[in-house]
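Colleague: Before I plan anything at the bench, I would like to walk through this model with you. Could you show it to me first?

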Amino acid sequence: AAGHVVLRKDRKSTALSRRFTSTSLKERRFKPFYFKILMFHALLKTKGKTFLPKKALNFVIRKLINLTLCEIEKPIRNVGNHKSFDSFTEFQIDNMFRCRREHLPLLLQGFRLTDRFYRADNGSLFSNEEILMIGLARYSTSGAITRTMTLFEKDFTQISRAFTIFNKYLLQNCVHLITDNWHTWQPKLPDFAEAYGNKMVELSGLNEFSQTSISCLFDCTVIQISRPCATPLEGAGPDAGPNNYIQMAFYNGWKHHHGIKYLSVEAPNGLCMYLYGPRSFKDSDLRLLRESDLNNTLANLQLGNPDQYCAYGDGIFPIRSNLRSRNIFRPTPLEVHERRLMTKIRVSNEWGYACTANLFPFVKNKSFQKIRQNKTCIYNYAVATLLRNAYVCLYENQISAYFNCPPPTFEEYFQI
């Protein structure tokens with residue numbers, strides 16, 4: 001009669017009255033009844049008495065509250081009315097989801113959210129439209145989750161589970177677009193070099209820079225995180241102190257905060273071509289460049305080509321066969337002029353980071369980046385970068401307009 005009721009043991013099981021607590025409070029009128037039955041069953045076990053046979057007691061419990069003590073199944077929970085794209089106004093969609101109403105079905109196809117419903121770990125069902133809108137709404141705000149709860153009329157746990165499903169499917173289906181997609185960009189490197197050359201000619205008035213070999217820019221960015229909690233070392237005694245090495249592993253004394261670091265390669269069309277990370281904030285930019293093997297990747301990508309295109313970085317980076325930087329030993333007058341021009345052009349690299357942070361400020365709020373509580377939060381910036389690429393494919397941005405280099409269409413980039 002009471003339907004499916006899920007029970008769990010309380011951590012504080014010192015008294016019989018606290019041994020069993022209910023996680024479902026909808027059947028309040030049935031709670032005192034089955035609570036007494038469970039206490040009576042625990043009392044029989046404690047005293048070793050057999051007033052009721054165990055089989056008879058289990059039969060009574062199964063018939064009355066549809067629950068077996070030995071095996072509890074997670075029922076399918078319908079979390080209220082499912083929201084759809086038509087449940088929101090144009091103003092809400094533009095501000096909360098960072099896109100227009102006509103592009104929301106296109107995002108479902110690009111992110112491979114094609115199933116009608118998705119089931120969470122506790123049995124809750126969400127529609128694919130809800131998963132998409134909850135994920136976009138969470139990334140587009142840096143405030144508390146209460147705003148999203150009010151918008152979708154769901155509690156905290158349901159919003160968190162839907163957000164986890166959104167991140168999971170984007171990382172599974174689309175993360176290769178920013179980690180292993182060099183074959184798509186290889187034929188476009190000459191066009192990127194031409195875009196940089198035209199901008200250098202426009203800024204300097206010299207045609208010598210029209211045949212530049214610079215096709216992309218690379219740099220490192222840092223995401224600030226909360227201070228990881230210092231728990232004792234594994235296997236340590238009860239009197240052991242906190243393990244400060246955990247929080248020290250992510251702390252940078254120069255910036256005086258904890259963080260994780262990414263290395264990204266930006267194109268003149270406003271898209272992120274490649275993202276390497278995450279790594280600790282203690283690691284230097286040179287270490288990320290060495291571990292990413294960016295120079296060999298570009299060299300192997302253009303193996304046998306007479307024209308070799310390279311990536312341009314800050315002065316901290318070394319000069320290699322397919323890497324260039326402003327750190328030139330004994331530069332010629334033309335190279336000095338080129339270095340001054342690239343100082344202005346390299347600002348577009350920061351525009352890309354600012355575009356991600358302004359569109360999806362969720363990644364810049366360190367209170368949401370708790371790596372000890374949620375291990376998947378270290379990939380939030382990768383998901384935000386994917387969302388930024390999708391936004392640029394649909395609406396372009398400041399970088400593509402500055403270099404007059406249009407990005408690919410959404411269908412071309414996400415291969416749908």
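Colleague: Which helix gives the most to the lining of the largest cavity?

Modeller: This is a predicted model, in which local features need pLDDT of at least 70, side-chain atom pairs count only at pLDDT 80 or more, and totals for chains, interfaces and linings use all residues. Residues are numbered from 1 along each chain as its sequence is written, and side-chain values use heavy atoms, with hydrogens and water left out. A cavity is a set of points, on a 1 Å grid over the protein atoms alone, where a 1.4 Å probe fits but cannot get out, and lining residues have an atom within 4 Å of a point. With helices (H or I, at least four residues) and strands (E, at least two) taken as DSSP runs numbered from the N terminus, the helix that gives the most to this lining, with 4 residues, is α16 (residues 380-395).

Colleague: How much space lies in the largest cavity?

Modeller: Grid points are joined across faces, edges and corners, and a volume is the space filled by probe spheres set on the points. Counted this way, there are 2 cavities of 30 Å³ or more, and the space in the largest cavity comes to about 80 Å³.

Colleague: How do the residues of that lining divide into nonpolar, polar and charged?

Modeller: The lining of the largest cavity is made by F97, R98, C99, L107, F111, L136, F360, L387, A390, Y391 and L394. Ala, Val, Leu, Ile, Met, Phe, Trp, Tyr, Cys and Pro count as nonpolar, Asp, Glu, Lys and Arg as charged, and the others, Gly among them, as polar. On that basis the division is 10 nonpolar, no polar and 1 charged.

Colleague: How many residues apart in sequence are the parts that R388 and E266 tie together?

Modeller: A salt bridge here is a side-chain nitrogen of Lys or Arg within 4 Å of a carboxyl oxygen of Asp or Glu, and the model has 14 of them. In one of them R388 pairs with E266, the closest N and O atoms being 3.2 Å apart. Because R388 lies in helix α16 and E266 in strand β8 (residues 257-266), this pair ties together parts separated in sequence by 122 residues.

Colleague: Which word fits R388 and E266, buried or exposed?

Modeller: Buried means under 20% relative accessible area, exposed over 50%, and partly exposed in between (1.4 Å probe, protein chains only). In β8, 10 of its 10 residues fall under the first of these terms. E266 and R388 are both buried.

Colleague: Which residue in β9 is the bridge partner of K261?

Modeller: Two strands pair if DSSP finds at least two bridges between them. β8 pairs in the antiparallel sense with strand β6 (residues 214-224) over 8 bridges, where V222 has K261 as its partner. β8 also pairs in the antiparallel sense with β9, over 6 bridges, and there the partner of K261 is R279.

Colleague: Which residues are linked with R279 in a network of salt bridges?

Modeller: R279 and E291 meet through their side chains in a salt bridge of 3.1 Å, N to O. Since R279 lies in strand β9 (residues 272-280) and E291 in helix α12 (residues 285-292), the pair ties together parts 12 residues apart in sequence. R279 is partly exposed at 31% relative accessible area, and E291 likewise counts as partly exposed at 31%. The network links R279 with D283, R287 and E291.

Terms used. On a 1 Å grid over the protein atoms alone, a cavity is a set of points where a 1.4 Å probe fits but cannot get out, and a pocket is an open set with protein on both sides within 12 Å along at least five of seven lines; lining residues have an atom within 4 Å of a point.
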